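I opened this notebook to keep track of what I looked up in one protein model. The entries follow the order in which I went through it.

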Amino acid sequence: MIGTNSGTLGSHLTNLKQPSINTLTKVQSHGVLLVLQEPDLTVLQVSDNTVAIFGIAPNRMLGQPLEQILDAFQVEKFRVDLQDKNFDRSNYSKVWVLKSTDNYSIFDAVFHRSPDGALILELEPTQKDEHIPFLSFYHLAKTSILQGRDYTNDRLTANLTAFGRSVVAQVREMTGFDRVLLYKFDDDGHGEVLAEAKVDQMESYLGLHFPESDIPLPARQMFLANQIRVIPDTREQSVEMLPAKHPLTGVPTDLTLANLRSAVPCHTEYLHNMGVKASLTISLIKDGYLWGIIACHHQTPKPVSYELRKACELLGQVIFAEISTIENIVDSSYRSKLAHDRSVAVDRMSQAASFIDGLMGYEPNLLDLFNAEGAAVYFGGEWTTIGQTPSSTQLDYLVKWLSTNVQDEVFSTDSLSSLDPDAERCKDVASGLLAISLSPQSYILCFRPEVLRAVNWGGDPHHPFQVVETAGDLSLYPRKSFQLWKETVRLHSLLWKTVEIESAVELRSAIVKIVLRKAEELALLATDLVRSNDELKKFAYVASHDLQEPLHQVASYVQLLETRYSKELDRDAKEFIGLAVEGVNLMQTLIDDVLVYSKLDRQGIKWEPTDVGIALNRGLSHLRGQINQMGAIVTSDPMPTIVADSTQLSQLFQNLIGNAIKFSQPDTVPQVHVSALQRENDWLFAVRADGIGIDPKFFDRIFVIFQRLHTRDEYPGTGIGLTLCKKIVECHHGKIWVDSALGQGATFSFTIPFKNAL
């Protein structure tokens with residue numbers, strides 16, 4: 001059976017594609033690997049190829065001290081060096097192995113300690129014709145570096161491609177391999193050939209991309225552990241270790257760091273399909289991760305000496321130091337721009353009333369900070385957007401998705417739809433996302449649109465291997481074709497650069513500090529404000545209460561004056577007395593209203609199940625005289641029972657309906673309707689009347705205490721009624737607003753949430 005459907009194979013395919021490195025226990029047959037017991041250096045395990053290389057059967061070597069195999073003088077030197085734990089002094093050494101009475105063979109001897117603590121000695125035949133003088137290596141390394149520098153302008157040429165061409169040419173000259181590739185990994189593990197040097201008859205892979213499965217995660221981990229990896233003959237048969245398990249531990253010895261460890265069969269088959277008979281791989285490591293590799297291929301078997309390997313390892317480090325420099329120079333100007341823009345934005349955020357104003361309202365803004373096409377800030381339950389962004393509904397969904405699926409403080413993706421298929425609906429504005437979490441309920445989101453791009457693959461990336469089942473066993477075989485396969489990549493944005501992500505981390509830290517500082521300032525201000533409000537309320541209550549008595553006295557004496565001396569007073573005097581009485585009554589009403597307003601918070605809310613119909617009728621009863629005088633008609637929908645303060649609710653209806661009647665059209669019968677609508681989270685009540693209406697520019701002003709739109713001669717009142725309404729609604733955790741236009745009546749609406757509890 002042959003198939004390529006990874007979904008049907010599940011974990012079996014994963015194990016085939018990505019076997020653990022420490023489970024690979026076979027050895028390449030061109031050298032001998034020994035596992036030694038310390039301190040006497042007795043052979044505990046040996047590769048099963050000693051007959052072909054030494055002329056000695058493996059079982060004759062097991063349990064024998066190393067002196068029985070190698071020169072005793074050299075072994076004693078090894079023992080001294082190993083006691084000092086100095087492998088560098090022992091590596092590398094030329095050792096002589098006596099194959100017969102007069103036949104010695106020379107081997108390169110290399111010691112290392114395995115990850116599980118075993119002492120391992122690897123012996124490989126010395127390559128007699130391969131020697132690299134130091135000066136030759138020095139000139140090769142220097143030439144490679146100078147190719148990446150432009151001394152004409154006394155500065156580095158920040159051109160990775162040009163430098164890469166120089167690198168592969170110099171490595172090919174030093175190693176003699178037929179083809180050398182500079183191969184870089186992306187964040188998903190896919191690779192791209194940046195530079196190539198080769199003989200004419202070999203196929204070119206320059207500019208091609210290769211899928212992650214060609215060099216899967218365990219292989220990349222191996223390249224991290226082994227900076228130089230050599231397969232001198234891809235056709236040779238690997239050999240087992242004898243015995244298969246370490247005699248002292250009972251488990252196979254970990255050969256992760258061994259030069260002679262055999263490759264995964266799928267990898268050697270992959271090289272066969274490329275026409276490669278020998279390979280040398282130089283790892284390029286940056287900050288602990290595998291940036292890329294220099295891959296050397298040869299059309300015939302090609303041994304590589306230990307000396308050349310170490311030279312390549314050092315050259316790789318020198319080369320990559322230069323690559324890192326070039327990358328840093330490429331990024332440095334952009335990094336400096338981001339740092340400058342971020343500094344300006346942070347300074348403005350620190351001075352603005354809200355950090356959002358400083359981040360969105362000036363240049364440079366949030367879009368400039370991250371080269372984004374759109375951005376949105378979710379803070380305090382509200383969205384603030386700039387540029388091209390998803391709809392508010394899509395933004396709400398995105399925040400829920402982030403809070404559920406992302407734990408990182410800064411998160412980025414160039415393909416949001418690959419993580420959440422629903423995000424494809426907003427691909428034109430948000431294929432790419434950079435999310436900064438300020439708190440579990442607050443986010444900064446930056447967006448990039450979809451960018452279609454063509455990618456040239458070395459073979460079909462969707463069918464990178466075949467799985468063959470034989471007698472119940474599964475085997476993985478790589479693809480045979482590496483011909484150009486073009487693909488148009490959709491649902492991806494431009495990649496977020498590392499410097500942009502680092503800048504996002506810095507910005508988050510700065511905003512959190514600003515928000516915390518402002519929160520502390522607001523907390524202090526709020527404390528002072530609460531104290532001031534309490535004092536003002538106490539003053540208003542005391543002043544209103546204490547004014548009652550002298551006001552009663554004024555009213556009484558004025559009325560007494562009118563009663564006793566009415567016959568002696570002329571018309572003007574009686575008019576003056578009438579005005580005084582009217583002023584006293586107005587003052588009394590004002591004091592009563594202020595007293596009610598001051599008591600709202602003081603007495604608190606009395607939560608209880610309230611029949612809104614009863615509260616409405618109670619308010620109407622206080623308006624009976626006004627209703628009868630104006631002939632007003634007041635109707636209402638069926639009213640619900642809610643949790644509220646019954647007295648305050650009656651006051652609310654009384655004020656709203658009273659205003660509706662008072663501000664009716666001249667020479668018309670006032671008609672007022674009270675409605676109730678149950679919504680998802682609250683009740684919506686509305687008082688609608690066909691009165692004189694309100695100019696929309698005064699909507700906010702009418703709820704401010706003592707603010708009047710008309711004179712008292714036109715419409716009597718204290719200017720505190722709607723302020724009381726707003727206070728009552730807010731005490732019930734609701735909102736109140738008005739919809740109106742001049743001459744078209746007005747509708748005052750307010751909400752009472754369901755969450756109010758007893």
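What follows are my entries on the overall make-up, the cores, a cavity and one loop residue.

**Ground rules.** The model is predicted, so I noted that local features need pLDDT of at least 70 and side-chain atom pairs count only at pLDDT 80 or more, whereas totals for chains, interfaces and linings use all residues. Residues are numbered from 1 along each chain as its sequence is written, and side-chain values use heavy atoms, with hydrogens and water left out.

**Overall make-up.** I found 22 helices and 31 strands in the protein, these being DSSP runs numbered from the N terminus (helices H or I, at least four residues; strands E, at least two). Of the 758 residues, 46% count as buried, where buried means under 20% relative accessible area, exposed over 50% and partly exposed in between (1.4 Å probe, protein chains only). Taking contact as heavy atoms within 4.5 Å, I noted that residues 24 or more positions apart account for 66% of the contacts with a separation of 6 or more.

**Cores.** I next looked up the largest nonpolar core (buried Ala, Val, Leu, Ile, Met, Phe, Trp, Tyr and Cys residues joined through side-chain atoms within 4.5 Å). It has 37 residues, of which Ile 657, Phe 685, Phe 748 and Phe 750 touch the most other members. Among the elements that give two or more residues to this core are helix 19 (612-622), helix 21 (646-662) and strand 31 (746-753), and helix 21 gives the most, with seven residues. Leaving aside neighbours within four places in sequence, Ile 657 is in contact with Leu 616, Leu 620, Leu 623, Val 634, Val 672, Val 674 and Val 687. Apart from this core lies another, of 28 residues, among them Ile 228, Ile 282, Trp 291 and Ile 319.

**A cavity.** Which residues line the second largest cavity? I listed Pro 390, Gln 394, Leu 395, Tyr 397, Leu 398, Leu 416, Asp 420, Asp 422, Ala 423, Arg 425 and Cys 426 (a cavity being a set of points on a 1 Å grid over the protein atoms alone where a 1.4 Å probe fits but cannot get out, and lining residues having an atom within 4 Å of a point). Helix 14 (residues 392-405) gives the most to this lining, with four residues.

**A loop residue.** Lys 128 sits in the loop between strand 6 (119-125) and helix 7 (134-147). Why does Lys 128 count as exposed? I recorded Lys 128 as exposed because its relative accessibility is 79%. Lys 128 and Ser 305 are 177 residues apart in sequence, and their C-alpha atoms are 8.9 Å apart in space.

Key. On a 1 Å grid over the protein atoms alone, a cavity is a set of points where a 1.4 Å probe fits but cannot get out, and a pocket is an open set with protein on both sides within 12 Å along at least five of seven lines; lining residues have an atom within 4 Å of a point.
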